[in-house]
Amino acid sequence: MFNLVKGTHDVILTEADKYSYIEQTLIQVAEFFNYKEFRTPIIEQSELFQRSVGDSSDIVRKEMYTFFDKGERSITLRPELTAGVIRSIVNNKLLALGDIPVKAYYVGPCFRYERPQQGRYRQFNQFGVECVGVVSPYRDVEVISLCYFALKVLGFENLKLVINCIGDEESRTNYKNVLRDYFGKHLDSMCADCKERYNLNVLRILDCKVPTDQEIVKNAPKIEDYLTDKSKENFEKVKKSLDELGIEYEIDTNLVRGLDYYSDVVFEFHYTSSKGLDYGALCGGGHYNKLVQEIGGPHEVEGCGFAIGIERIASVMSDDNLFNEIDESIDCYVMPLDVTYQGKAIEIATALRLNGFKTDVNLEGKGLKGMLKKALKLSSKYALILGEDEIKTNTIVVKDLTNETQESVNLAEIISYLDRKEDECSCGCDHHHHHHNDEE
Ligand code: HAM
């Protein structure tokens with residue numbers, strides 16, 4: 001027996017259906033906003049993430065799966081997709097003046113060597129978007145509204161948009177100096193992480209979760225007092241536009257996010273269920289004005305994006321009953337009563353499938369009773385029984401498992417027979433009707 005690697009999980013059967021549903025829904029919304037799909041490699045040069053996500057981030061310092069390949073190149077399993085997507089946009093020269101903005105969406109696995117806990121995995125899946133190339137506060141608003149709309153379509157109500165402006169580089173340099181002065185006076189009594197953050201990226205002290213540190217953070221200088229006029233104006237436009245779109249938000253001046261590439265607007269959507277359970281952040285994102293340049297693109301190009309954790313969404317939706325029943329029933333179950341009829345059974349099953357009936361066939365050679373039991377277990381609408389008489393007369397017995405009636409049907413007429421039965425079925429049931437009846 002082999003165990004799962006710590007921090008990984010299988011996504012199988014109905015759970016996999018849920019993931020597909022979530023991903024397809026998110027993709028549809030992104031396409032509705034005219035985003036195009038990007039599939040970038042899972043492995044990238046380690047330096048890409050050091051440059052973008054940042055040397056001072058927890059991700060780069062402690063959480064990356066980094067190894068040397070046989071050519072002694074330092075390779076990293078992507079901890080997120082933004083860096084790879086921007087690299088791809090730059091490499092493929094998609095930022096020509098006439099082609100911007102580049103609107104990319106993506107889905108796929110990411111890897112972070114984190115301490116596994118509720119909802120945190122070492123391999124997890126993200127869906128996200130990046131809008132690159134245009135400088136406008138309304139692009140940020142558009143990205144936020146895409147995220148909001150996508151979560152709404154999935155069934156989330158009472159979402160809380162938490163937003164902050166961390167300013168441009170000039171704003172942040174001023175603010176960091178003030179913060180270093182302030183926290184320098186309190187550092188002795190603060191946690192070990194904060195002492196480290198003080199040297200690496202003092203902004204990160206603002207989201208320390210230790211209660212006594214939070215008291216100190218409460219009285220710290222606020223970013224809003226150190227924003228340049230340009231950043232301030234930009235943020236005002238974003239807020240006003242969100243008001244106009246009816247997207248409620250809360251400003252959290254301590255929201256700094258854990259990746260180093262952000263500037264100006266950063267945001268997260270938090271969710272509290274109808275039962276009052278606080279699930280925290282479902283997703284996060286923000287604006288970046290130096291990232292494209294950092295990765296080798298033109299210096300004036302900015303962007304904005306966000307990513308959603310599929311695991312997070314799936315577990316909250318399951319918990320909060322936001323999934324619709326997934327229909328796993330089939331139309332036909334073909335039951336050869338002797339192993340020598342299995343060839344004929346496969347032939348019939350194939351014909352049914354080609355004519356739009358979702359069909360399975362018993363090749364396990366159980367008796368009639370066992371096969372009927374299996375038909376019910378599969379929630380099949382019809383059981384098609386192939387016995388000695390049927391083989392002789394080129395017929396098949398069609399048993400309607402909904403009303404327990406059965407008829408012998410000539411094999412040449414099986415499709416038209418089932419089509420007719422489907423048309424007659426006007427009971428308003430939510431049976432799976434095959435494609436001929438799609439107008440219903
Ligand atoms: P992030 O906040 O690091 O941002 O990750 C986005 C989402 O991925 C989180 O809100 C969470 O749902 C999910 N996530 C992160 N780590 C884990 C984990 N260990 N297990 C399960 N789910 C996890 C980014 O990755 C940025 N690239 C977002 C972005 C795109 N910013 C601009 N563009």
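Here are some notes on the ligand site, the cavity and one of the pockets in this structure.

1. Before anything else, keep in mind that this is a predicted model. The residue numbers below count from 1 along each chain.

2. Let's start with the ligand. There are 24 residues around it, and the ones that come nearest are Glu80, Glu114, Tyr121, Glu130 and Tyr262. Sorted by class, the shell around the ligand holds 10 nonpolar, 7 polar and 7 charged residues.

3. Which side chain has an N or O atom 2.9 Å from a nitrogen atom of the ligand? That would be Glu130, which also belongs to the group of nearest residues. Arg257 deals with an oxygen atom of the ligand instead: a polar atom of the Arg257 side chain sits 2.9 Å away from that oxygen. Phe306 uses its backbone, where a polar atom is 3.4 Å from a nitrogen atom of the ligand.

4. How much of the ligand does the protein bury? On its own the ligand would expose 670 Å², and 96% of that is buried by the protein. Three elements give two or more residues each to the shell around the ligand, namely β6 (123–132), β10 (278–288) and β11 (303–309). By its number, Glu130 falls in the β6 range, and Phe306 falls in the β11 range.

5. Now for the enclosed space. The count gives 1 cavity of 30 Å³ or more, and the largest cavity has a volume of about 40 Å³. Its lining is made up of Ser56, Asp58, Arg61, Arg197, Leu200, Asn201 and Arg204. Two elements, α3 (58–63) and α7 (192–200), give two or more residues to that lining. In terms of class, the lining of the largest cavity has 4 charged residues, 2 polar ones and 1 nonpolar one.

6. Last, have a look at the second largest pocket, with a volume of about 490 Å³. It is lined by 26 residues, and Arg172, Lys176, Asp260, Tyr261 and Tyr262 are those nearest its centre. The elements that give two or more residues to this lining are α2 (46–54), α6 (169–186) and α10 (291–294). Arg172 and Lys176 both have numbers within the α6 range. By class, the lining of the second largest pocket comes to 8 nonpolar, 8 polar and 10 charged residues.

7. One residue is worth finding on screen: Tyr262. It is among the residues that come nearest to the ligand, and it is also among those nearest the centre of the second largest pocket.

How values were computed. This is a predicted model: local features need pLDDT of at least 70, side-chain atom pairs count only at pLDDT 80 or more; totals for chains, interfaces and linings use all residues. Side-chain values use heavy atoms; hydrogens and water are left out. A residue is near a molecule or strand if one of its heavy atoms lies within 4 Å of it. A polar contact is a pair of N or O atoms within 3.5 Å; within protein, one must be able to donate a hydrogen and the other to accept it, and residues adjacent in sequence count only if both atoms are side-chain atoms. Accessible areas come from the Shrake-Rupley method with a 1.4 Å probe; for residues, only the protein chains shown count as cover. Helices (H or I, at least four residues) and strands (E, at least two) are DSSP runs, numbered from the N terminus. Ala, Val, Leu, Ile, Met, Phe, Trp, Tyr, Cys and Pro count as nonpolar, Asp, Glu, Lys and Arg as charged, and the others, Gly among them, as polar. On a 1 Å grid over the protein atoms alone, a cavity is a set of points where a 1.4 Å probe fits but cannot get out, and a pocket is an open set with protein on both sides within 12 Å along at least five of seven lines; lining residues have an atom within 4 Å of a point. Grid points are joined across faces, edges and corners, and a volume is the space filled by probe spheres set on the points.
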